[in-house]
Amino acid sequence: MDRELRIFMVNAKQALARTKSNDHDRWAGGDALSARDRIVSKVVVPQGLQTFSCSPGNTFFAIGSCFARNVEERLELAGANVLSRQMDVADLGATGARTLGLFNKYTPFSILQELQFASGERDYPEEAFLSAGLDLFYDAQLRINSGNASLEALRARRKEINLAFARAFEADVLILTLGLIEAWFDTKSGLYLNEVPAPRLLMKEPDRFELRILSVDECREALREIHTLLARHAKVGQKIVITVSPVALARTFSEHDVIIANTTSKSTLRVAAMEFASEHEGVDYFPSYEAVLHSAPALAWQDDRLHASDFIVGRIISTFLTRYGLPPEGSLEEVEISAVDSEEALITRLRREVDRYKNQILALEKKLATQDPRKEVS
C-alpha cells in the first residue's frame, strides 16, 4: 500500500485487516499487550511502525533538542559508533551541563539550517553572530551559552561546526529529535535562531526579532526540506529515525498556560513527524515521547518534571537497539520493575541506576577532552 495512504484513508476491509493484525490495538481488555496492562507495568515503550532494521557496525548521528544528547550518550554506552559524539570543535568558553549541549537544535528550522550550512548550500551570514557586548559576539545558531568571542574566533569555529555537522551525511542512521515550536526569527539575518535572543538585544532591537509559533504545515515542510537536502548529500541508503523529545517547554512566550503551550507544541511536532514518516521510505517514527509520557512518573522524570530521567532514556535506547536488531553489549542492564514496588523503592533503584550512568558519562567526557587539548571538562 502507498505510504501516503497510511494516515489518510483506507476502506473498511483494509481497516478490519489492520486491527486484526495489530497486537497492540486495544487500550484495555484482551491480553497483557493492552495499553492499560503495559502502562500498569510502570515502564512502557510503545511499538512504532518499523520499516527497516540496522546492522552491526552501522554509524549514527543524532541532531535536535537536548534529548538528542541523551540518545547519543546512551547509544555510545551500548557500543554504537555515534558520529555526533565526535564533534571536534574549539571550546570558546561554553558553559552547560553537557560538553556537547551547545549543539542542541530545538526547532525543525534550526535543524534544517544547520544541515544547509554543513552541506554548503547556504552561506553563514555575518549577521548571525549577535553582539554580546564589549566587542564580543556569540553564534546565534548555537546555545546562547556557547561562548562569547571575537568575530575572528567565531568565524573559525563556525567552519569547524560546519564540518562537524557534515558528518550527519556520513551516518547510516540519522536520528532527528524535535523539541518545540516556539521559534525566534531574525529579520536581519533571515534565519531562525536556536534560542530566544539575549534580553539586552530584544530591548535594543525590538523590531529585529520575531516570535513565530510554528504550525503543523510549517514543521512538516521543514522536515520535507531536510529530507530533500539529505537526498542530495547523504550516503546512499541512509535511514532516518524521527522522534519527539519528551523534555517539556521550560518557558512559553505565548499567552497560554505553559502546560497548555507544551501540549500544543508536542502535539504539533508529533503530527508533523507522523506525516513525514508516512510520506517517505526509510523513515521511521520511534515513540520516545509516548514512552516517557505513559511510564510511571517516578521512573520517567527527573525531579524537575521537565527532563526525562536517565533511567527511562536507557530503557528507550535499549528497546530501540533490540527492535532494530542491535542488542546492547551489556552496558544497559535492565532494572526489573515489579508492579507492586513501592514508589520509594522505585526511586532508590532509579537513583542507583542514574549514579552508575552518570559516572560512565563523566569518564567518557574526560576521555574526549584529553583527546583535544583545547577542550576542558568542568
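**View 1. Arg-305 in the loop between α10 and α11.** In this predicted model, look for Arg-305 in the stretch that links α10 (297-300) to α11 (310-323). Its phi is positive, about 55 degrees, even though Arg-305 is not a glycine. Is Arg-305 buried, exposed or partly exposed? Its relative accessibility is 49%, so Arg-305 counts as partly exposed.

**View 2. Lys-42 in the loop between α2 and β1.** Here's another residue that isn't glycine but has a positive phi: for Lys-42 the value is near 85 degrees. You'll find Lys-42 after α2 (35-40) and before β1 (59-64), in the loop between them. Lys-42 counts as buried because its relative accessibility is 14%, and the cut-off for buried is under 20%.

**View 3. The largest nonpolar core.** This core is made up of 47 residues. Which residues have the most contacts inside it? They are Phe-61, Phe-103, Leu-176 and Ile-242. Helix α7 (residues 216-233) gives the core its largest share, six residues. As a bit of background, nonpolar side chains tend to be buried together in soluble globular proteins.

**View 4. Leu-176 and the residues it touches.** Zoom in on Leu-176, one of the residues with the most contacts inside the largest core. Leaving out residues up to four places away in sequence, Leu-176 touches Ile-63, Ile-111, Leu-223 and Ile-226, plus the run Ile-240, Val-241, Ile-242 and Thr-243.

**View 5. Another core, apart from the largest one.** This one has 33 residues. Among them are Phe-52, Leu-75, Val-82 and Phe-320, so try picking those out.

Notes:
Residues numbered from 1 in each chain as written. Predicted model: local features only at pLDDT ≥ 70, side-chain atom pairs only at ≥ 80, totals over all residues. Heavy atoms only, no water. Core = buried A, V, L, I, M, F, W, Y, C linked by side-chain atoms within 4.5 Å. Buried < 20%, exposed > 50% of the residue type's maximum accessible area, 1.4 Å probe, protein only. Helix = DSSP H or I, 4+ residues; strand = E, 2+ residues; numbered from the N terminus. Contact = heavy atoms within 4.5 Å.
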